[in-house]
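Trainee: I have a new model open and would like to walk through it with you. Could we take it piece by piece?

Mentor: Gladly; let us look at it together.

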Amino acid sequence: MSGRDLLSIADLGREGIVDVLKLADSFAEVSEREIPKVPALRGKTVATVFFESSTRTRLSFETAAKRLSADTMTFTAATSSLSKGESLRDTVETLDAMGVDAMIVRHACAGAPKQVARWVRAAVVNAGDGQHEHPTQALLDCFTLREALASRAGVEPADDLSGVRIAIVGDVAHSRVARSCVLAYGALGASVTLVGPPTLLPATTAGWGVEVSNDLDEVLAEVDVVYLLRLQSERLEESLIPSLGEYSERYGLTRDRARRLRPELLVMHPGPMIRGVEIDDEVADSPRCLVTRQVRNGVAVRMAVLFRLLTLGDRKASDDGQERRSA
Ligand code: NCD
């Protein structure tokens with residue numbers, strides 16, 4: 001968060017991530033109150049601007065904004081003037097002109113939220129851009145993991161994940177979640193192994209600071225957390241796996257594999273989970289699976305991100321906004 005936008009985990013660095021996690025601790029407490037609402041962003045307007053489908057991310061941001069008493073606006077591409085041929089720039093400038101303070105942008109093209117941030121005065125949060133990044137997902141994952149490890153050890157959540165071993169499994173090549181998670185887990189000191197068939201792993205991981213493996217069973221014996229990814233079927237242009245059955249057999253947490261897992265191994269998934277492909281019901285519905293906690297924590301973490309951008313950040317001054325527009 002360069003003070004104005006959150007486009008990548010790299011905008012935050014370790015210090016920024018820890019700051020968001022600490023702030024989210026207090027917002028998680030707000031979410032548990034009988035009336036889970038604080039006036040922190042009263043008078044501000046938060047717009048979700050989604051050019052791709054979403055269930056949890058959009059609702060999570062809208063809930064977060066409402067719990068901070070901000071007004072919310074929902075833009076959905078399918079029912080907008082885009083279908084009449086309006087450009088992305090005109091669309092976001094129209095919203096900006098209505099006095100929006102933050103735009104939460106999801107788009108199928110990598111880099112679209114960054115481009116939007118150049119055009120508008122509002123703070124921009126990347127809610128998923130193509131195969132690039134999905135920073136708030138990684139932040140809520142760090143928050144959830146740190147909480148789960150602390151509650152198991154009976155201690156307060158630590159901000160350091162040194163010594164924690166995480167396997168990110170599946171369609172890493174097409175996953176924006178994987179990219180943000182590698183950056184965030186790495187910044188907090190965890191060690192990450194990417195696991196999948198060669199066709200679904202990035203062509204190169206030089207500079208990623210990760211291990212790579214094609215053998216899930218071998219890795220399962222060594223890690224503390226398995227982070228499963230959905231097969232990004234909407235982005236699979238060619239047949240990169242022989243069949244769903246074979247993929248599941250080799251890289252899914254199947255019932256068979258589940259029975260061999262160490263009791264302390266934790267399972268995470270950003271959702272939507274495709275049961276029967278990457279995860280069996282027996283795993284998805286077991287206490288080791290943190291998916292529901294990830295969704296719940298998503299609201300507190302997004303409250304922290306919005307609060308930080310709209311109250312603590314170095315807001316875009318209106319003359320700066322003019323400069324940006326002409327850039
Ligand atoms: C992810 C996304 O859209 O990138 N979902 C999410 O936001 N929780 C992951 C996915 O679609 O597989």
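Trainee: Which residues have the most contacts inside the largest nonpolar core?

Mentor: Keep in mind that this is a predicted model. Its largest nonpolar core holds 66 residues. Those with the most contacts inside this core are F27, I168 and Y185.

Trainee: Which helix gives the most to this core?

Mentor: One helix supplies 10 of the core residues. This helix spans residues 291–312, and its name is α11.

Trainee: Why does this core lie between domain 1 and domain 2?

Mentor: Domain 1 covers 9–133 + 295–325, and domain 2 covers 135–294. The core lies between them because residues come to it from both domain 1 and domain 2.

Trainee: Which residues does F27 touch, leaving out those up to four places away in sequence?

Mentor: F27 is among the residues with the most contacts inside the largest core. Leaving out residues up to four places away in sequence, the partners of F27 are V38, L68, A300, M303, A304 and F307.

Trainee: How many residues does the other core have?

Mentor: This other core lies apart from the largest one. Its members include V226, L240, A258 and V267, and its size is 24 residues.

Trainee: In the open sheet of 4 strands, which strands stand at the edges?

Mentor: The order is β2-β1-β3-β4, with parallel pairing. An edge strand here has a single partner, so one of its sides is left without a neighbour in the sheet. That is the case for β2 (71–76) and β4 (123–129).

Trainee: Which residue in β3 stands opposite F50?

Mentor: Strand β1 (residues 45–50) and strand β3 (residues 102–107) run parallel and are joined by 5 bridges. F50 stands opposite R106.

Trainee: What angle does the direction of helix α3 make with that of β3?

Mentor: Helix α3 (residues 88–97) packs on the sheet, where it touches β1, β2 and β3. Its direction and that of β3 make an angle of about 155 degrees.

Trainee: Is the β-α-β unit of β5, helix α6 and β6 right-handed or left-handed?

Mentor: Strand β5 (residues 165–169) and strand β6 (residues 191–195) run parallel, joined by 5 bridges. In this pairing, R165 has S191 as its bridge partner. With helix α6 (residues 176–187), the two strands make a unit that is right-handed.

Trainee: Which residue in β8 stands opposite V169?

Mentor: β5 is mostly covered, with 4 of its 5 residues buried. β5 also pairs with strand β8 (residues 225–228) in the parallel sense, over 4 bridges. There, V169 stands opposite L228.

Definitions and conventions. Residues numbered from 1 in each chain as written. Predicted model: local features only at pLDDT ≥ 70, side-chain atom pairs only at ≥ 80, totals over all residues. Heavy atoms only, no water. Core = buried A, V, L, I, M, F, W, Y, C linked by side-chain atoms within 4.5 Å. Buried < 20%, exposed > 50% of the residue type's maximum accessible area, 1.4 Å probe, protein only. Domains from an automatic or database assignment. Contact = heavy atoms within 4.5 Å. Pairing = 2+ DSSP bridges. Axes fitted to C-alpha atoms, helices over the stretch in contact; angles between N-to-C directions. Right-handed = clockwise from strand over helix to strand, strands pointing away.
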